[in-house]
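Subject: Structure for your review

Dear colleague,

Please find below the structure that I am handing over to you. My notes on what was found in it follow directly after.

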Amino acid sequence: VQLQASGGGLVQPGTSLRLSCAVSGRTARNTVTVAWFRQAPGKEREFVAARRGSGTMITYADSVKGRFTISRDNAKNTVYLQMNGLKPEDTAVHYCAGSPLGIITSQARRGDIYDNWGKGTQVTVSS
């Protein structure tokens, strides 16, 4: 299974971006849970959002709750992260990660739970 994140860019505060995570490979459909993480320069990687299957589990970091939305298009094997109301503190390389397991909410924020990681996409929020 391969995951590829895209859609990053340089935007002004208050604007929106939609990131995409394309899941490919022979067993792509077995990727049940997909999450987004991000890492800013000089900081540790942090959890952003996760979604299991058709939405039976969706969870967000407190810092993005109400602004970001994670969704999935099964026909396209793609998971999206709609980011609204972007702030300078959202600046980071954003990564998507996948697991064949139906991860529960309390575990979703752990990076070691996910088997497959894609290369990141840079999001820069600056005026």
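I begin with a charged pair: R38 and E46 form a salt bridge, in which the closest N and O atoms are 2.6 Å apart. Please bear in mind throughout that this is a predicted model. The two partners differ in their surroundings. R38 counts as buried because its relative accessibility is 4%, which is under the 20% limit. E46, with a relative accessible area of 33%, is partly exposed, because this value lies between 20% and 50%.

Salt bridges

In general, side chains of opposite charge can pair when their charged atoms come close. The count of salt bridges in the model comes to 5. Another of them joins D90 and R67, whose side chains meet at 2.8 Å, N to O. This pair links distant parts of the chain, with the two positions 23 residues apart: D90 is in the loop between strand 8 and strand 9, while R67 is in the loop between strand 6 (57–60) and strand 7. Both D90 and R67 are buried. Furthermore, R38, E46, R67 and D90 are linked in a network of salt bridges.

A further salt bridge is formed by D62 and K65, with 3.2 Å between the closest N and O atoms. Are these two residues, D62 and K65, buried or exposed? Both D62 and K65 are exposed.

Aromatic residues

The model contains 4 aromatic pairs. One of them is made by F37 and Y114, which meet edge-to-face, at 5.7 Å centre to centre and with 75° between the planes. The pair brings together distant parts of the chain, as F37 belongs to strand 4 (residues 33–39) and Y114 to the loop between strand 9 (92–99) and strand 10 (116–117), 77 residues apart. Both F37 and Y114 are buried.

Y114 also pairs with W117: the ring centres are 6.5 Å apart and the planes stand at 85°, so this pair is edge-to-face as well. The cut-off matters here, because planes over 60 degrees apart count as edge-to-face. The accessibility of the two residues is not alike. Y114 has a relative accessible area of 4% and is therefore buried, whereas W117, at 31%, is partly exposed. Together, F37, F47, Y114 and W117 form one aromatic cluster.

Charges over rings

Which residue lies over the face of F37? It is R45, at 5.4 Å from the ring centre. A second arrangement of this kind involves Y80: the charged end of R18 sits over the ring of Y80, 4.1 Å from its centre.

Two loop residues

N77 lies in the loop between strand 7 (68–73) and strand 8 (78–83). Its relative accessibility is 18%, so N77 counts as buried. Apart from its neighbours within four places in sequence, N77 is in contact with C21, A22, V23, A28 and R29.

Q107 is placed in the loop between strand 9 and strand 10. Its relative accessibility is 26%, and Q107 therefore counts as partly exposed. The C-alpha atoms of Q107 and R26 are separated by 26 Å, and the two residues are 81 residues apart along the chain.

With kind regards

Notes:
Residues numbered from 1 in each chain as written. Predicted model: local features only at pLDDT ≥ 70, side-chain atom pairs only at ≥ 80, totals over all residues. Heavy atoms only, no water. Phe/Tyr/Trp six-rings, centres within 6.5 Å; stacked < 30°, edge-to-face > 60°. Helix = DSSP H or I, 4+ residues; strand = E, 2+ residues; numbered from the N terminus. Buried < 20%, exposed > 50% of the residue type's maximum accessible area, 1.4 Å probe, protein only. Lys NZ or Arg CZ within 6 Å of the ring centre and 35° of its normal. Contact = heavy atoms within 4.5 Å. Salt bridge = Lys/Arg side-chain N within 4 Å of Asp/Glu carboxyl O.
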